[in-house]
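Grab a pencil and keep the viewer open. The exercises below walk you through a handful of places, each with a worked solution.

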Amino acid sequence: MNIIIFGPPGVGKGSQAMLLKAKYDLMHISTGEILREEVRNQTELGIKVKSIMDKGKLVSDDIVVGLIVKQIETSIDKNGFILDGFPRNITQAETLDKLLEGLSVKIDHVLRLESDKEIILKRLAGRCYCDKCRKDYNIYFNQPEIEGKCDICDGKIIQRSDNNEKVHLDRLDVYSKETNPLKKYYAQKDLLRVVDGMGLIKEVFERVKKVLES
Ligand code: AMP
């Protein structure tokens, strides 16, 4: 099964993608995570994209397309993939279509998670993660059992470097201009599945499974 998951920043795509990966044994391809890894490792690419990411702007299409090609090719012999954070605009969606056509791979579902703007802003403000194993947390919605400590390793819980209110509003603006048009693009291809992203992670996952299995 090949899935694309999209929705505004902070809606919970990453959390749902992790659960989908575990349930259906999919390869989780997150362009944001791949880029953050490049930044952490201070690679040439990481140094180039850091300030763009910190401002909440989109990295160039060429860069992100280059990052996903190999991963999609690898997923072909496996159970499929979940694309999280890609495509982010119509150009990327068209490029992906051509790439998949060349590989004779089809997208089965495009999940769009939706949520109220106030909840999204609160989720964005609360976002943090373990500096060791990268598990995501949220100080308002998904706290670790012991404050500041990861539940699964002895890592420290820290905030993302793109975490400030101006950046959150900019990211939402970029989302509505660039990414939101994907709704129509995939609806026309009859692939769009809209899911209410509000509530607990496990409640949203129940809705996601229902949509995929119906
Ligand atoms: P994310 O974790 O998906 O919210 O992505 C974090 C940041 O990485 C975004 O704000 C962008 O700067 C960059 N990024 C991730 N995916 C893409 C993409 N498909 N196209 C352009 N920039 C991206």
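**Exercise 1: two residues of one helix**

L124 has its place in helix 6, residues 117–126; helices (H or I, at least four residues) and strands (E, at least two) are DSSP runs, numbered from the N terminus. Before you go on, note that this is a predicted model, where local features need pLDDT of at least 70 and side-chain atom pairs count only at pLDDT 80 or more, while totals for chains, interfaces and linings use all residues. Residues are numbered from 1 along each chain as its sequence is written, and side-chain values use heavy atoms, with hydrogens and water left out.

Task: Work out whether L124 is buried or exposed, and which residues it touches.

Solution. Step one is the cut-offs: buried means under 20% relative accessible area, exposed over 50%, and partly exposed in between (1.4 Å probe, protein chains only). L124 comes in at 1%, so it counts as buried. Step two is contact, meaning heavy atoms within 4.5 Å. Skipping neighbours within four places in sequence, L124 is in contact with P9, G10, N163, H168 and R171. Step three is a distance: V167 is 43 residues away along the chain, yet the C-alpha atoms of L124 and V167 are separated by 9.8 Å.

Now try I119, also found in helix 6. Its relative accessibility is 28%, so I119 counts as partly exposed. Leaving out residues up to four places away in sequence, I119 touches F141 and M198. I119 and S161 are 42 residues apart in sequence, and their C-alpha atoms are 20 Å apart in space.

**Exercise 2: the sides of helix 5**

Task: Check the span of helix 5, then find which of its residues are buried and where they sit around the axis.

Solution. Start with the span. Helix 5 covers residues 90–103, which is 14 residues. The expected span is 1.5 Å times one less than the number of residues. From first C-alpha to last, helix 5 reaches 20 Å, close to the 20 Å expected.

Next, pick out the buried residues of helix 5: Q92, A93, L96 and L100. They cover an arc of only 100° around the axis, so they lie on the same side of helix 5; the arc is that of the directions from the helix axis to the C-beta atoms. The general rule helps here: an α-helix has 3.6 residues a turn, so residues three or four places apart point the same way. On the other side of helix 5, K98, E101 and G102 are exposed.

What covers the buried residues? Among the covering elements are strand 1 (3–6), helix 4 (61–75), strand 3 (81–84) and helix 8 (182–188).

Finish with the two ends. At the start of helix 5, a side-chain oxygen of N89 comes within 3.3 Å of the backbone nitrogen of T91. That is a polar contact: a pair of N or O atoms within 3.5 Å, where within protein one must be able to donate a hydrogen and the other to accept it, and residues adjacent in sequence count only if both atoms are side-chain atoms. After helix 5 comes S104, with a positive phi near 55°.

**Exercise 3: unusual backbone**

Task: Find where the backbone departs from the usual pattern in these loops.

Solution. The background first: most residues other than glycine have a negative phi, and most peptide bonds are trans. F86 and P87 are joined by a cis peptide bond, with omega about 0°. P87 belongs to the loop between strand 3 and helix 5.

Then look at D25, in the loop between helix 1 (13–24) and strand 2 (27–30). Its phi is positive, near 55°, and at 52% relative accessibility D25 counts as exposed. R134 also has a positive phi, about 75°, although it is not a glycine. R134 is in the loop between strand 5 (127–130) and strand 6 (136–138), and its 27% makes it partly exposed.

**Exercise 4: around N138**

Task: Which residues does N138 contact, and what lies 3.3 Å from a polar atom of its side chain?

Solution. N138 lies in strand 6 and is buried at 8% relative accessibility. Beyond neighbours within four places in sequence, its contacts are R123, G126, R127, C128 and Q143. The backbone nitrogen of F141 is 3.3 Å from a polar atom of the N138 side chain.
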